[in-house]
Amino acid sequence: MNLRVPSIRHDDCDELAALCKAGGDPLRLNVLRALANDSFGVLELAQIFGIGQSGMSHHLKVLAQADLVATRREGNAVFYRRALPHTELLGGKLHAALLEEVDNLALPADVETRIAQVHGQRAANSQDFFARVAEKFRAQQDLIAGLPQYRESVLALLDKLNFNGAATAIEVGPGDGAFLPELARRFGTVTALDNSAAMLELARQVCEREQLANVSLQLADALNGVSLQADCVVLNMVLHHFAAPAEALKHMASLLQPGGSLLVTELCSHNQSWAREACGDLWLGFEQDDLARWATAAGLVPGESLYVGLRNGFQIQVRHFQRPAGDTHHR
């Protein structure tokens, strides 16, 4: 009597086993939780979880083999982020369910504290850069993407939104203030927020020279303690200076009135690591899908986008995101 042995596709079983193994460790689950809205380098994760670099590298390798994390090169550094589940593929539903469960967990208090320390280190590096280069800011920016290279694209998107003359605007990180005259012409009142006194002084000089009576300047961190709201928030080449860009977009969303618009001008992902030293960039641009995903997670609806190619190999994305008109519980 011949018994037929059922054939087992070991490759499929191996794939599911790798996923189960990767999720079968408390530290790895906490790493996935920490990567919910952020990306970190291996040294940062080792610092956050208080283990050696080699140990963290091992855990990241296990997560990567199960396609639970993806890597992104930022110049010479490699950053880890969560990989998005593909529910139509083998293991995809399990992957999605695992992340959903992980997101209901709270990270230990000491881990939260060390994440804040890593963000603080990133932010301090950025602020130190702007304190040092305020006087030559425009020359530094022009190395990559100065305002003249994207001004018309931002204005085209802005003018399509048809704000009335009494509408209000906030520009976060106005740099040397070169875009403020454009906003002053289109809005009843404009507020410029910057956490660098040196940069705000450059913006003040523009306001005086152009006699911008409807622009107010505030030395403030847009991520902390700002209770303003406006019809339009503008972020020109600023997001790549934030320690935690996804979290920053949530704060930008909270600055919007219901129905308000967020305009983000940013570099697309690039690999020119000299931008870190020359321009103080914490991030080498962003994937278009990441910006849309972060904005959606912040309660915003992606609108129109424009893309500007630059001669020196960079590409700029000009994005519009809207807070729904009925959203009155966002803050």
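**Exercise 1.** In this predicted model, determine whether Leu16 is buried, partly exposed or exposed, and identify the surface patch to which Leu16 belongs.

*Solution.*
1. The relative accessible area of Leu16 is 32%. Buried requires under 20% and exposed over 50%, so Leu16 is partly exposed.
2. Leu16 is located in helix H1, residues 10-22.
3. Together with Leu90 and Leu94, Leu16 makes a nonpolar surface patch of about 230 Å².

**Exercise 2.** Establish which polar partners the side chain of Arg28 has, and where the nearest side chain of opposite charge lies.

*Solution.*
1. Arg28 belongs to helix H2, residues 26-34, and is buried.
2. The nearest oppositely charged side chain is that of Asp25, 4.3 Å away. A salt bridge requires a distance within 4 Å, and Arg28 has none.
3. The side chain of Arg28 reaches the backbone oxygen of Ala22 at 3.0 Å, and a polar contact of 3.0 Å joins it to the side chain of His59.

**Exercise 3.** Find which arginines form salt bridges with Asp103, and state which parts of the chain are thereby linked.

*Solution.*
1. Asp103 pairs with Arg33, with the closest N and O atoms 3.9 Å apart. Asp103 lies in the loop between helix H5 (92-102) and helix H6 (109-133) and Arg33 in helix H2, so the bridge ties together parts 70 residues apart in sequence.
2. Asp103 also meets Arg82 in a salt bridge at 3.0 Å, N to O. Arg82 is in strand E3 (residues 77-82), 21 residues from Asp103.
3. Relative accessibility is 33% for Asp103, which is partly exposed; Arg33 is partly exposed at 23%, whereas Arg82 is buried at 11%.

Terms used
Residues numbered from 1 in each chain as written. Predicted model: local features only at pLDDT ≥ 70, side-chain atom pairs only at ≥ 80, totals over all residues. Heavy atoms only, no water. Patch = residues over 30% accessible without salt bridge, like charges linked within 9 Å, V, L, I, M, F, W, Y side chains within 5 Å. Areas by Shrake-Rupley, 256 points an atom, 1.4 Å probe, with all protein chains shown as cover. Helix = DSSP H or I, 4+ residues; strand = E, 2+ residues; numbered from the N terminus. Buried < 20%, exposed > 50% of the residue type's maximum accessible area, 1.4 Å probe, protein only. Lys, Arg positive; Asp, Glu negative; His and termini not counted. Polar contact = N/O pair within 3.5 Å; in protein donor to acceptor, adjacent residues only side chain to side chain.
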